[in-house]
Amino acid sequence: MPYRLLADLVLAGHALFVLFVVGGGFLVWRWGWVMWLHLPAAAWGVAIEFAGWVCPLTPLENRLRLRAGLAGYPGGFFEHYVLPVLYPAGLTRRAQLILGTLALVANLVAYGTLVRRRHRSPPP
């Protein structure tokens with residue numbers, strides 16, 4: 001049972017990381033210090049998609065699931081709702097490139113807007 005819980009926690013962390021990669025630039029609008037966490041995370045996430053690499057969290061999660069005696073992702077909230085988003089069936093190289101591009105564009109919009117706002121507003 002503890003291995004299944006650990007696998008679910010890794011999956012939840014993975015999902016949160018993906019959300020942070022895609023949308024973290026918008027958090028910087030409110031909390032500027034987040035930029036120092038987000039830029040390396042976004043660079044890593046986009047690189048994973050563009051290069052076709054496997055995120056290290058994926059094999060970790062799979063090892064934990066095997067240790068828990070599970071095969072695949074049957075049952076449970078995370079497996080049913082989160083896994084199809086992180087690991088869509090039929091994920092192709094082209095789809096990876098599109099996902100990487102979407103993440104890159106979302107971040108360019110977030111940071112581009114931030115830079116424009118800072119240049120327009122007069123210094124305090």
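This text walks through a predicted model, from a nonpolar surface patch to a buried charge and then to the aromatic pairs.

Start at the surface. Leu27, Trp31, Trp33, Trp36 and Leu37 together make a nonpolar patch of about 630 Å². One of its members, tryptophan 33, sits in the loop that runs between helix H1 (2-27) and helix H2 (35-51). How accessible is tryptophan 33? Its relative accessible area is 56%. The cut-off for exposed is over 50%, so tryptophan 33 counts as exposed.

Now move into helix H2, where glutamate 49 is found. Glutamate 49 is buried, yet it has no salt bridge. Which side chain of opposite charge is nearest? That is arginine 93, 6.1 Å away. A salt bridge needs the side-chain nitrogen and the carboxyl oxygen within 4 Å. Arginine 93 still appears among the contacts of glutamate 49. Leaving aside residues up to four places away in sequence, glutamate 49 touches Arg93, Gln96, Leu97, Leu99 and Gly100.

Helix H5 spans residues 93-120, and threonine 101 has its place there. Along the chain, threonine 101 and glutamate 49 are 52 residues apart. In space, their C-alpha atoms are separated by 8.5 Å. Glutamate 49 is buried, whereas threonine 101 is partly exposed, at 37% relative accessible area.

Turn last to the aromatic rings. How many aromatic pairs does the structure hold? There are two. In one, the rings of phenylalanine 26 and tryptophan 29 have centres 5.1 Å apart. Their planes meet at 75 degrees, so this pair is edge-to-face; the cut-off for that class is over 60 degrees. Both partners are partly exposed: phenylalanine 26 has a relative accessible area of 34%, and tryptophan 29 stands at 33%.

The other pair joins tryptophan 44 and tryptophan 53. Why is it called tilted? The planes of the two rings lie at 40 degrees. Stacked would need under 30 degrees and edge-to-face over 60, so 40 degrees falls in the remaining class. The ring centres are 6.1 Å apart, and the cut-off for a pair is within 6.5 Å. Tryptophan 44 is partly exposed, with a relative accessible area of 37%. Tryptophan 53 is also partly exposed, at 49%. Exposed begins over 50%, so tryptophan 53 stays in the partly exposed class.

Technical notes:
Residues numbered from 1 in each chain as written. Predicted model: local features only at pLDDT ≥ 70, side-chain atom pairs only at ≥ 80, totals over all residues. Heavy atoms only, no water. Patch = residues over 30% accessible without salt bridge, like charges linked within 9 Å, V, L, I, M, F, W, Y side chains within 5 Å. Areas by Shrake-Rupley, 256 points an atom, 1.4 Å probe, with all protein chains shown as cover. Helix = DSSP H or I, 4+ residues; strand = E, 2+ residues; numbered from the N terminus. Buried < 20%, exposed > 50% of the residue type's maximum accessible area, 1.4 Å probe, protein only. Lys, Arg positive; Asp, Glu negative; His and termini not counted. Contact = heavy atoms within 4.5 Å. Phe/Tyr/Trp six-rings, centres within 6.5 Å; stacked < 30°, edge-to-face > 60°.
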